[in-house]
Each structure stands twice: as structure tokens, then as C-alpha cells.
Amino acid sequence: HFGQSLKPPVRVAITGAAGQIGYSLIFRVASGEMLGPNQPVILHLIDLPFAMTALNGVAMEIQDCAFPLVQGIVATDNQTVGFKDVNYALLVGAKPRGPGMERGDLLKDNGKIFTETGKYVNDHASRDIKVVVVGNPCNTNCLILANQIKDIPKENFTAMTRLDHNRAQHQLADKLGVHSSDIRKIAIFGNHSPTMVPYIDQMTAKNHKATVDQQWVTQTFIPTVQQRGAEIIKARKLSSAASAGNAAMNHITTWVNGTPEGDYTSMAIPSDGSYGVPKGLIFSFPVTVKNGKYSIVQGLPISPFYQGLLDKTIKELVDERNAVDHLLK
Ligand code: NAD
Ligand code: LMR
């Protein structure tokens, strides 16, 4: 099927391209897994000056794959060049946390990065750019970034909770003895942090309403999903990379191609006030996607148990926003 009815190429920027997520992500994007077998790509690989030698090595490896869909590689530490006419941006470049740290501890260092990147995106990217922020703390980094944007729609700036969604799907499938793809109608609300809220009150398995016992939900399921990132760091001595890159691709693919009928996904997006979430916070909601536009799933019943959890994650994101107030002027 390669070569048949190819679309005009699109430009995909990946920051932190010389890092560990970059190394697992870039080759899959190059292969067509993210945007499909008829969509040629020009890869814009961006990293810091000190990483340019390593990044050139990555660029050589992409060349050596002879990918049919790669129509160009821009490897650079210059963000003017890096974001020029870009249609999709996966913003990974940032410091990861180490053992014992919370993602919020990264706010000061990584917040600055997203102010700067926001300016370059605003000045140079294509006006239809779709952005997913992966670098942590991703919700608030996205808020900082979007604050720099003048004439691109705010809804084009999102952060990634798809990894948490995928993690939840696996835990539930394992518990119910089905495949993870059989689990539908679950979602992550809130922050990509230990306060995230994995919501499963509408869950179906193989298209039937499915329930699991509440004690397992509160004592095992929710903490496992909330702490999975830390668990991986403990095991690998490095933060999740292949699964994070996979989720970033899933996020964009779903944003472009839509959600399946009868299901929704999780994306951290600018709040419109739904579910009592303060407007403008970058908050993960259940969303359906059609024709490249996402909509928040409205009217899901929120039990007092879930409302208590929602209040906590809202408060945490408001606190993070207050902590970076100086970057939001
Ligand atoms: P890494 O240290 O291996 O790579 C990060 C890369 O970013 C490095 O090459 C670094 O030079 C580069 N970089 C730093 N500042 C930059 C800038 N201003 N512009 C361009 N590049 C820059 O880290 P990693 O493991 O790839 O993780 C990257 C980020 O992703 C971390 O913040 C991590 O916490 C986050 N993460 C998020 C999720 C999620 O679910 N949202 C999951 C996993 C990791
Ligand atoms: C994850 O959830 O794996 C990432 O956010 C990395 C981390 O710091 O936990």
C-alpha cells in the first residue's frame, strides 16, 4: 500500500529528541504508525546544543532505516528552525524526575522551557498545529506554553494522560480476565500526578457493563495507576520511556482519527468549566474525538467518592497554577 495516494507531507516536531522517550518514539512516528501509511512526514528533531552530537546519531539511524514515509529530517537546537511550519508537536524535552521526587518538583526548571517554547511555537508553527505536552509536570507546562500563544486556538494545546489511561485499561483487563482492548468507557480525570482520578463507574468489558469490587478499586486499582510512574522509576532507575512514547503517539492518532463509536479516551485539555473544573486549567477529561476535534463527555454520574477525589486533583492543579503565576503574565 506504500506509495499509493500519498498525502502531502506534514511536519512533526519532537523535542527532547536525543532523550530516552525520543529514541523509542521517533522511529515509530517515522514508520507511519502515528499518522498512517499514506502520510509522509518531515521530522523536526529538537534538543539542546550539548545533545547535538547524539541527535545527529539518531538522524543517521533514521536515514539507515530508509523509511518510505520520511521525506526530510531537520535536526536542530534552533527553535526557529525547529518549529517552522510544524503541524504536530510532541513536546518531550524536559528533565525527568528521579527516585523520591514528585513531578511537581520539576515545575521550576521545566516551567521555563515551556515559556520559551511557547514563544517559538507562536511565532513559527503552522496555525493548525496540534500540540501534546509530555514533559512533566505536563498539565501545568502546557498551561505555561499556551499562555504564550496569541493566534492559534487554545484547544490545540493539550497534555498527555493517555499513558495513565492505558495503564488503567491494563489493570482492569487483568482483574476481569479480558484483553485490555475489551475495556471501554473509562477515563482519567485531572492531573498527571498521584492525584489523578481513574474513573470506572461506566466501564464496559466486551460491551457489557462491568463492575469490580469497591475495596479493590480504592485499595489496589487507583493507587496502582496513580503510582505506576514511580514504580517504573524504582524498577528501571529511569522513568518510563517506551510506554510514554507509545501513549504520545496514541494521543495524536486518536486526535486525528477519532475515538471508536461507544468509547472515549483521556486527554488533558483546557477546561471549559465542565464538572466544576475552573476554566482554563489543563485538566484531563473523558473526551470523544471526531473530525480532529475533541469534546468533553458530559453528564457522567459523579459519586461522592469520586467528587472527593476530583476536588483534590483540582486543588493540586490550582496550586500548581498559583506557583507559576509569574510565568503566566
Ligand atoms: P531524558 O532526560 O532521557 O530526555 C530529555 C531530553 O530533553 C534530553 O535529551 C534533553 O537534552 C532534552 N531537553 C531538555 N530541555 C530541552 C529544551 N528546552 N528543548 C529541547 N530539548 C530539551 O528524559 P525522558 O525520559 O525522555 O523524559 C522527558 C520528559 O517526559 C520528562 O519530563 C519526563 O518526566 C516526562 N514524561 C512524561 C510522561 C507523561 O505521562 N506525561 C511519561 C514519561 C515521561
Ligand atoms: C510516568 O508517569 O511514567 C511519567 O510521568 C514519569 C514519572 O515521573 O512518573
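**Briefing: two ligands and selected local features**

An oxygen atom of ligand 2 lies 2.8 Å from an N or O atom in the side chain of Arg167. The structure is a predicted model. Ligand 2 sits in the largest pocket, and ligand 1 sits in the largest pocket as well. The points below describe the surroundings of each ligand, and then turn to aromatic pairs and backbone features.

**Ligand 2**

- The residues that surround ligand 2 are Arg97, Arg103, Asn136, Leu163, Arg167, His192, Gly229, Ile233, Ser239 and Ser240.
- By class, this shell consists of 2 nonpolar, 5 polar and 3 charged residues.
- Helix 6, which spans residues 162–176, supplies at least two residues of the shell around ligand 2, and helix 8, spanning 228–236, likewise supplies at least two.
- The side chain of Arg103 places an N or O atom 2.8 Å from an oxygen atom of ligand 2.
- The side chain of His192 has an N or O atom at 2.6 Å from an oxygen atom of ligand 2.
- On its own, ligand 2 has 260 Å² of accessible area, of which the protein covers 94%.

**Ligand 1**

- A total of 24 residues surround ligand 1, and the closest are Gln20, Asp47, Lys95, Val134 and Asn136.
- The shell of ligand 1 divides by class into 13 nonpolar, 9 polar and 2 charged residues.
- Asp47 has a polar side-chain atom 2.6 Å from an oxygen atom of ligand 1.
- Lys95 contributes through its backbone: a polar backbone atom of this residue is 2.9 Å from an oxygen atom of ligand 1.
- His192 has a polar side-chain atom 3.1 Å from an oxygen atom of ligand 1.
- Taken alone, ligand 1 exposes 870 Å², and the protein buries 89% of that area.

**Residues that recur at both ligands**

- Asn136 is among the residues that surround ligand 2, and Asn136 is also one of the closest residues to ligand 1.
- The side chain of His192 has an N or O atom 2.6 Å from an oxygen atom of ligand 2, while a polar side-chain atom of His192 lies 3.1 Å from an oxygen atom of ligand 1.

**Aromatic pairs**

- The model contains 10 aromatic pairs.
- One of these pairs joins Phe189 and Tyr199 in an edge-to-face arrangement, with 5.7 Å from centre to centre and 80 degrees between the planes.
- Phe189 belongs to strand 8 (residues 187–189) and Tyr199 to strand 9 (residues 197–199), so this pair ties together parts that are 10 residues apart in sequence.

**Backbone features**

- The peptide bond that leads from Asn136 to Pro137 is cis, and its omega is near -5 degrees.
- Pro137 is located in the loop between strand 5 (130–133) and helix 5 (138–147).
- Asn136, which precedes this cis bond, is part of the shell around ligand 2.
- Lys185 has a phi near 55 degrees, which is a positive value in a residue other than glycine.
- Lys185 is found in the loop between strand 7 (183–184) and strand 8.
- Strand 8 is the element that holds Phe189 of the aromatic pair described above.

Technical notes
Residues are numbered from 1 along each chain as its sequence is written. Chains are lettered from A and ligands numbered from 1 in the order in which they are written. This is a predicted model: local features need pLDDT of at least 70, side-chain atom pairs count only at pLDDT 80 or more; totals for chains, interfaces and linings use all residues. Side-chain values use heavy atoms; hydrogens and water are left out. A residue is near a molecule or strand if one of its heavy atoms lies within 4 Å of it. A polar contact is a pair of N or O atoms within 3.5 Å; within protein, one must be able to donate a hydrogen and the other to accept it, and residues adjacent in sequence count only if both atoms are side-chain atoms. Accessible areas come from the Shrake-Rupley method with a 1.4 Å probe; for residues, only the protein chains shown count as cover. On a 1 Å grid over the protein atoms alone, a cavity is a set of points where a 1.4 Å probe fits but cannot get out, and a pocket is an open set with protein on both sides within 12 Å along at least five of seven lines; lining residues have an atom within 4 Å of a point. A molecule sits in a cavity or pocket if more than half of its atoms lie within 2 Å of its grid points. Helices (H or I, at least four residues) and strands (E, at least two) are DSSP runs, numbered from the N terminus. Ala, Val, Leu, Ile, Met, Phe, Trp, Tyr, Cys and Pro count as nonpolar, Asp, Glu, Lys and Arg as charged, and the others, Gly among them, as polar. Rings of Phe, Tyr and Trp (its six-membered ring) pair if their centres lie within 6.5 Å; planes under 30 degrees apart count as stacked, over 60 as edge-to-face and the rest as tilted.
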